[in-house]
Amino acid sequence: EPTEEPTPEPGPPTANISLASASVSDDAVVLDIDGLPPERVVVDVKLSSKSGQTTFEVQNSDCSVSAGDPLHAACVSGGGGGAAVMLLAPSRFQAVIPLAFPATLTSDELTVTISIAGYDDPSAANNRATFTFTPTPTTTTPPPTPTADLQLALAKDDDTHVTATVNGLPVDGATLVFDVVAEAGASLSGAPDGCTIAETKVRCEDVTGPFAGSFTFAYDPSIAPVDVTLSVAAEGVIETAPVDNVASVSLGTAPPPTADIAVTVDDNQLGQGTGRFRLTVTGLPTGDGPTKVRIETSTDNPQITLEDIPVGCAFVDGSTTVVECDPGGPTFSGVFDMDLQAIVGQETVGVTVTVSVPGNVDPDPSNNTKTFSLGAGGVIGLLGPLVGEGSALEPVGTLVEDLIDLL
């Protein structure tokens, strides 16, 4: 009895598919696939990237891409002409698969390979395509640059501290940068809390709302006053009115000038109830503006006061014992008279004279005072710090007799 041959099992169906074209449009791979079987199939599309930075964009559509395998897309033929797959003819469709890539990518070389699961392809050589991908340049409009009208004001707190106030900052705040200029001999030594110093610049980050901060300066008091100037700008902000972004202030007080003056009293005489003395002051300052010599007198008899004073001198505030004189140079010399008629029971009166220069400091005031006895014949003798200066005067009558002898 003849044996029947077993019926061979049918092999897998064949589909001679090919890539008619492969390109990129609007950062998506566009594939035209030919040779599709008439039935609905799933075309596998695999992607390789030379840079390793380009993948398919994850999506769930007629060409689905999963997050776990972004280099593989599954495209359903005859998917109804959706956005991902377009049926072009009974045996052709077009697949559009968006690409994902970093913003810094400028170019890449891509290779795509197609196949149909469960189908043999008698000629797979035409299932692959390699092409260059150049991302579409992105044009982004930068946000508008903020504007502001900053206003800077300075207030002197003391001889070394200045408070800077800034108003008019942008709503979102800004980083303030101060440029500090100090007069020669002075330097910036401290900045407001939260700010940093870099040489002559002070940077204050992320300032919102009105700003107020203290700046510290160092200098030798002998050079006072010193001028300091601050200007302010906001980083990344257009200043609409820079005229009020700069302010200056003067720190410290100039030390008073010095003048080591000295006073001497010389003999003189007048007679007839009037005592006269010549007062000379040396060491007066010059070149620093107008100078006044203050002369203060006192006697051991309060009824005795100055009667006549030199030209260029004036009593101070109605006083009869204190005068101020214009010296006109480094030395002053003038004759002063005192009315001695009030002396009762005494021939002389004790006089003390003290001189000073208002607005000046005398480093050695020990030679600024003279004390002497004054009579109708003039200075009788000097007392006080330099006893013996001057000499006794001859009485007025004796001088008259000498004059008659001469005649």
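Select Cys204 to begin: in this predicted model, its relative accessibility is 1%, and Cys204 therefore counts as buried, since buried means under 20%. Now add Cys195 to the selection, because a relative accessibility of 14% puts this residue under the same 20% limit, and Cys195 counts as buried too. A disulfide joins Cys195 to Cys204, and the distance from S to S is 2.0 Å. For a reader new to the term, a disulfide is a covalent bond between the sulfur atoms of two cysteines. If you look along the S-S bond of Cys195 and Cys204, the torsion is about 115°, so this disulfide is right-handed.

**The other disulfides**

How many disulfides does the count come to? The count comes to three, and the next stop is the pair Cys63 and Cys75, which form a disulfide with their sulfur atoms 1.9 Å apart. The link of Cys63 and Cys75 is right-handed, with 120° about the S-S bond. This pair links distant parts of the chain, for Cys63 is in strand 5 (residues 63-64) and Cys75 is in strand 6 (residues 72-76), 12 residues apart. Both Cys63 and Cys75 are buried.

Move on to Cys313 and Cys325, which also form a disulfide, and here the sulfur atoms are 1.9 Å apart. With 115° about the S-S bond, the link of Cys313 and Cys325 is right-handed. This pair, too, links distant parts of the chain: Cys313 belongs to strand 26 (residues 313-315) and Cys325 to strand 27 (residues 322-325), and the two are 12 residues apart. Cys313 is buried, as is Cys325. When the bonded cysteines are counted along the chain, the disulfides follow the pattern 1-2, 3-4, 5-6.

**A serine in strand 3**

Select Ser49 next, which you will find in strand 3 (residues 42-49). Is Ser49 buried or exposed? Its relative accessible area is 19%, and because buried means under 20%, Ser49 is buried. Show the side chain of Ser49 and follow it to the backbone nitrogen of Gly52, which it reaches at 3.0 Å. Then look for the backbone nitrogen of Thr54, which lies 3.5 Å from a polar atom of the side chain of Ser49. Leaving aside neighbours within four places in sequence, Ser49 is in contact with Thr54, Asp108, Glu109 and Leu110, and you can add these residues to the selection to see the surroundings of Ser49.

**A sheet of four strands**

Now switch to a cartoon view and select strands 22, 23, 28 and 25, which make up an open sheet of four strands in the order 22-23-28-25, with antiparallel pairing. Strand 22 (262-266) and strand 25 (306-308) stand at the edges, each with a single partner strand, so one side of each is left without a neighbour in the sheet. From one strand to the next, the twist averages 40°. As background, the strands of a sheet pair through backbone hydrogen bonds, either parallel or antiparallel.

To see how the strands are joined, start with strand 22 and strand 23, which run antiparallel and are joined by five bridges. Select Val263, whose bridge partner in strand 23 is Val281, and then step onward from Val281 to Phe332, its bridge partner in strand 28. Strand 23 and strand 28 also run antiparallel, and eight bridges join them.

**Aromatic rings across the strands**

Stay with these strands and select Phe277, which stands opposite Phe336 in strand 28. The structure holds five aromatic pairs. In the pair of Phe277 and Phe336, the ring centres are 5.7 Å apart and the planes are at 15°, so the pair is stacked, a label for planes under 30 degrees apart. Phe277 lies in strand 23 (residues 274-282) and Phe336 in strand 28 (residues 332-339), so the pair ties together parts that are 59 residues apart in sequence. Where accessibility is concerned, Phe277 is buried, with a relative accessible area of 0%, while Phe336 also counts as buried, at 1% relative accessibility.

For the last stop, select Phe178, Phe211 and Phe215, which form one aromatic cluster.

Note on methods. Residues are numbered from 1 along each chain as its sequence is written. This is a predicted model: local features need pLDDT of at least 70, side-chain atom pairs count only at pLDDT 80 or more; totals for chains, interfaces and linings use all residues. Side-chain values use heavy atoms; hydrogens and water are left out. Rings of Phe, Tyr and Trp (its six-membered ring) pair if their centres lie within 6.5 Å; planes under 30 degrees apart count as stacked, over 60 as edge-to-face and the rest as tilted. Buried means under 20% relative accessible area, exposed over 50%, partly exposed in between (1.4 Å probe, protein chains only). Two strands pair if DSSP finds at least two bridges between them. Axes are lines fitted to C-alpha atoms, for helices over the stretch in contact, and angles run from 0 to 180 degrees between N-to-C directions. A polar contact is a pair of N or O atoms within 3.5 Å; within protein, one must be able to donate a hydrogen and the other to accept it, and residues adjacent in sequence count only if both atoms are side-chain atoms. Contact means heavy atoms within 4.5 Å. A disulfide is a pair of cysteine sulfur atoms within 2.5 Å.
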